[in-house]
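Got your viewer ready? Let's take a short walk through the inside of a protein, one selection at a time.

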Amino acid sequence: MNKRWNLESIYPSFSSPEFKGDLEKLNDDLARIKSFGESDFSANPDDSIKKYIFLAEEFQNILYRLFAFCSLTLSVDTSNPDGMNYKEILSKKSTLSVVPFTKFRLWLKDFDDLESLALKDDFIKSRFFHLKEIQTSAKRLFQPEIEDIVSDMQRTGSSAFSSLQNQLTSNLSVEVEIKGKKETLSLAAARNLYYDKDSSLRESVYKSELESYDKIKIPSAACLNAIKGEVLMLSKRRGYASPLEMTLEESRMDMETLNSLLDSMKDSLPIFRKYYKHKAKLLRGAEKIPYFDVSAPVGEVDIRFSYEEASDYIVNGQTAFSKETADFMRKAFNERWLDVEPRKGKRGGAFCSTIHSVGQSRILANFTGSFDNMTTLAHELGHAYHGYVLKDESILNSDYPMPLAETASIFSETVVMDYSFKNFSGATLLTLLENDISSSAAVIVDIYSRYLFETELFKERDSSILSYQRLNELMAKSQLDSYGDALDERFTHPFMWANKPHYYYSGSNFYNFPYAFGLLFAKGLYALYKKHPENFLEKYKTILKNTGCNDIYNVGLSAGIDLHKRKFFDDTIEMISGDIEKFLTMG
């Protein structure tokens, strides 16, 4: 089975007639958008709104397809000259829509008859949520000319620093000694060894990884300071009280829901610390766990997969839930939607990119055969299924916020884990149980530490530049505050701020609590499925469709969940706590 993806259904190449043709179409769209921005919207409001929808959908479909091809190419070949060149060209072109669309949004902000138009026109009604969101967000907009300047400056500011950090980490080499032999690994490949059962190797990788950051710590700190400084400046000038308030509005989440989530997470930390202390005893006979053992496997069973075995395992697991999801994932494997081979020049981690205009997704991973690698594939395929459910919707109704973005992915992962629990016993079951707890603990405990870190980062960046030494201090403190007395203070991971790309996403901040929300929301939905499996798939697909055209609280209500009350989060954590108690008695 080929471990590299096929991008031909997106575009055959940068020189292909399809790619060149869409570049020309994009220019034509921009000309129409410019003309639209110079029109009198009030002369015929319903026609103006319909024209905006048509232009926005056409423009986004083509732009995102072109951009996806560039970004996907660069994600596996970060120095690809065509990818870099066309990404820059597209970045410039994308800014040309800012002024005309901003003029429309500012006009729509003060338009009072949107509801009545939607009642009379099904086309407008079907995009009503998107239009209402424009009215809400338009109050934060500058005048069109200023928005144009901001967009242009971001291209050579935060976006450029984000790209630089991606190149720094993608090309960072880590010298690791494996079985007495020195090997040079990519950062992603080296970090995969934290899942190895050899404790001395994990410790060696940890020390080598921390040493490797010496090569990039100064430029990485500069990138982070530049990006977060820009975010602070813009959020203030747009009238937000903080970047967190801006993130919540962009995420369609209210503070009441976030507080319910965070309070539940914080109160759950003692049971996770109990788990980590027990894991430290099992692994090293120690009282506290070093950071390099946090993701280590427990027990003698080392479950390994070839890529072919992993694909079959995932499809079989999904079949236990739904033939539709299983068939979809088999199609993704067969049609080479995935690139899973670690190699130099390829970025680390994993992601799923959905290209709405072609109704497909592409998944990047760094697969080396571990059980965790397999569940990562199941996770990313869940994202792809989310895109599949939304493929027939307007692209304007397919853009879901960060917290809901993890719903389908973690649900998919949970399906595969439940399948695993039923198919193994004894030492293997113990290993799988611990692996699942470890994943949940990472999302609750480590994500909470990242939330604490980013909160303090913004607080200090508001008045000063942070050195890499200060960033290390903040990261280590945040980890100790979250892991508590379960973490060996001698072995924190102070450079996690340089490793995680989420901190450098120029258009997204606090890319941490959405993972926790996604975990608890998805596992809670799976618990509902277990109680009432009849016709659940259709209910589940309805929830996924709602993610693109509703706020988080109302998506919850569509599943019968009141997210303003922490009971839902507490009940889901109680399920995980039950698994921890089981592990404590089995291990």
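Start with the empty space: the count comes to one cavity of 30 Å³ or more. Here a cavity is a set of points on a 1 Å grid over the protein atoms alone where a 1.4 Å probe fits but cannot get out. The largest cavity has a volume of about 50 Å³, where volume is the space filled by probe spheres set on the points, with grid points joined across faces, edges and corners.

A quick word on what you're looking at: this is a predicted model, where local features need pLDDT of at least 70, side-chain atom pairs count only at pLDDT 80 or more, and totals for chains, interfaces and linings use all residues. Residues are numbered from 1 along each chain as its sequence is written, and side-chain values use heavy atoms, leaving out hydrogens and water.

Now select the lining of the largest cavity, including Gln-318, Phe-321, Met-329, Tyr-385, Phe-411 and Tyr-540; lining residues have an atom within 4 Å of a point. Two or more lining residues come from each of α15 (307-321), α16 (323-334), α17 (371-389) and α19. Helices are DSSP runs (H or I, at least four residues), numbered from the N terminus. Try colouring the lining by type: seven residues are nonpolar, four polar and none charged. In this scheme Ala, Val, Leu, Ile, Met, Phe, Trp, Tyr, Cys and Pro are nonpolar, Asp, Glu, Lys and Arg are charged, and the others, Gly among them, are polar.

Which helix gives the largest share of that lining? That's α19, with four residues, so select residues 407-423 next. Its 17 residues should span 24 Å at 1.5 Å a residue (times one less than the number of residues), and its end C-alpha atoms are 25 Å apart, which agrees. Because 14 of those 17 residues are buried (under 20% relative accessible area, 1.4 Å probe, protein chains only), α19 is largely enclosed by the rest of the structure.

Next stop: Ser-394, in the loop between α17 and α18 (402-405). Is it buried or exposed? At 12% relative accessibility, Ser-394 counts as buried. Show its side chain and you'll find a polar contact with the side chain of Glu-57 at 2.4 Å; such a contact pairs N or O atoms within 3.5 Å, one able to donate a hydrogen and the other to accept it.

Finish at Phe-292, in the loop between α14 (255-284) and α15. Phe-292 is buried too, at 3% relative accessibility. Beyond residues up to four places away in sequence, Phe-292 touches Tyr-194, Arg-202, Glu-203, Tyr-206, Arg-284 and Phe-491, with contact meaning heavy atoms within 4.5 Å.

Notes:
Buried < 20%, exposed > 50% of the residue type's maximum accessible area, 1.4 Å probe, protein only. 1 Å grid on protein atoms, 1.4 Å probe; cavity = no way out; pocket = protein on both sides within 12 Å on 5 of 7 lines; lining within 4 Å.
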